[in-house]
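Trainee: I should like a close look at one part of this model, namely the place where a ligand is held. Please take me through it step by step.

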Amino acid sequence: MKKSFLHIAIIMDGNGRWATSRGLPRVAGHRAGADAVRRTVEAAVELQVGTLTLYAFSSDNWRRPIAETDALMLLFEAYLHSEAVRCLSNGVRLEVAGRRDRLSSDLLAAITVAEQTTAQCERMLLRIAVDYSGRDEILRAARAATSFSGFSRDSLDNALGPDVDLLIRTGGERRLSDFLLWQSAYAELVFTPVMWPDFDAPDLEAALADFQLRDRRFGGIQSYSDDSPGGRVFQRL
Ligand code: IPE
Ligand code: IPE
Ligand code: MG
């Protein structure tokens, strides 16, 4: 099977509105959102996506009431406990991106177990961004890079991980909210009004179909396609 390098990133927004429009507490929306994560990961594996990065909690989300942030942290922990084995059997390597110093020791332990359990998986990389800020990530990577001799754009690119090909935001807003700012420099953007808990495989397929119609030029005049020889190299010239 040809190795896919396609990187899809999703801003999973709309849980709260999904819940309140049904007369439910916001946390019910987050619970339903966890089911949408399971469906989306399976759909992405089926579609042979290389990397899927999901925005689960931004560093600014700490501004929310403590009852909501506590509930979200417990949901992440439960998700990691239940999904690590499923990821392993689907060949999905799970990684958590973002700051770790403000997470509970129980959540940190669950992250370590999930990352270790799936470390050898190669079918797809699933990155879950928790306490993540794109601006902070750039600052930290730049600081680390300047402490080595030979600082370069390339070393920063490597430290910050793969470029995003397709960035999807659910929930109807059209903004980045501090997600993968560096990596999305040439991302194709898809905004959908679908609230995250309702997001399903056909929505991912529709976003991918839209992406496939885009003409990616990376500042040049030629179209770039993933299948073109040296395509990724062309992107970096
Ligand atoms: C996204 O849904 C989940 C998180 C940010 C944790 P929201 O909770 O932002 O839902 P809305 O935008 O209020 O509907
Ligand atoms: C972005 O959604 C963060 C996540 C989806 C995890 P927010 O709901 O926090 O973003 P804003 O506040 O509408 O920009
Ligand atoms: Mg929101």
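At what distance from an N or O atom in the side chain of Asp13 is an oxygen atom of ligand 2?

Mentor: The distance is 3.2 Å. Please bear in mind that the model is predicted, so that local features need a pLDDT of at least 70 and side-chain atom pairs count only at pLDDT 80 or more, whereas totals for chains, interfaces and linings use all residues. Residues are numbered from 1 along each chain as its sequence is written, chains are lettered from A and ligands numbered from 1 in the order in which they are written, and side-chain values use heavy atoms, with hydrogens and water left out.

Asp13 has company in its polar contact (a pair of N or O atoms within 3.5 Å). A polar side-chain atom of Asn61 lies 2.9 Å from an oxygen atom of ligand 2, and one of Arg64 lies 3.3 Å from an oxygen atom of this ligand. On its own, ligand 2 has 390 Å² of accessible area (Shrake-Rupley method, 1.4 Å probe), and the protein covers 78% of it.

The full shell, taken as residues with a heavy atom within 4 Å, consists of Ile11, Met12, Asp13, Tyr55, Ala56, Phe57, Ser58, Asn61, Arg64, Arg169, Arg175 and Ser177. By class, 5 of these are nonpolar, 3 polar and 4 charged. Strand β2, residues 51–58, gives the most to this shell, with 4 residues; strands here are DSSP runs (E) of at least two residues, and helices runs (H or I) of at least four.

Tyr55, a member of this shell, also has an aromatic partner. The whole structure holds 7 aromatic pairs, counted where ring centres lie within 6.5 Å. Tyr55 and Tyr132 form one that is edge-to-face (planes over 60 degrees apart), at 5.9 Å centre to centre and 90 degrees between the planes. This pair links distant parts of the chain, with Tyr55 in strand β2 and Tyr132 in strand β4 (residues 124–132), 77 residues apart.

Arg64 leads on to the other ligand. A polar side-chain atom of Arg64 lies 2.7 Å from an oxygen atom of ligand 1. Arg26 also offers a polar side-chain atom, 2.9 Å from an oxygen atom of ligand 1, while Gly16 brings a backbone N or O atom to 2.9 Å. Ligand 1 alone exposes 370 Å², of which the protein buries 87%. Among the residues listed around both ligands are Met12, Asp13, Ala56 and Asn61. Helix α1 (15–20) supplies the largest share of the shell around ligand 1, 3 residues.

How values were computed
A polar contact is a pair of N or O atoms within 3.5 Å; within protein, one must be able to donate a hydrogen and the other to accept it, and residues adjacent in sequence count only if both atoms are side-chain atoms. Ala, Val, Leu, Ile, Met, Phe, Trp, Tyr, Cys and Pro count as nonpolar, Asp, Glu, Lys and Arg as charged, and the others, Gly among them, as polar. Rings of Phe, Tyr and Trp (its six-membered ring) pair if their centres lie within 6.5 Å; planes under 30 degrees apart count as stacked, over 60 as edge-to-face and the rest as tilted.
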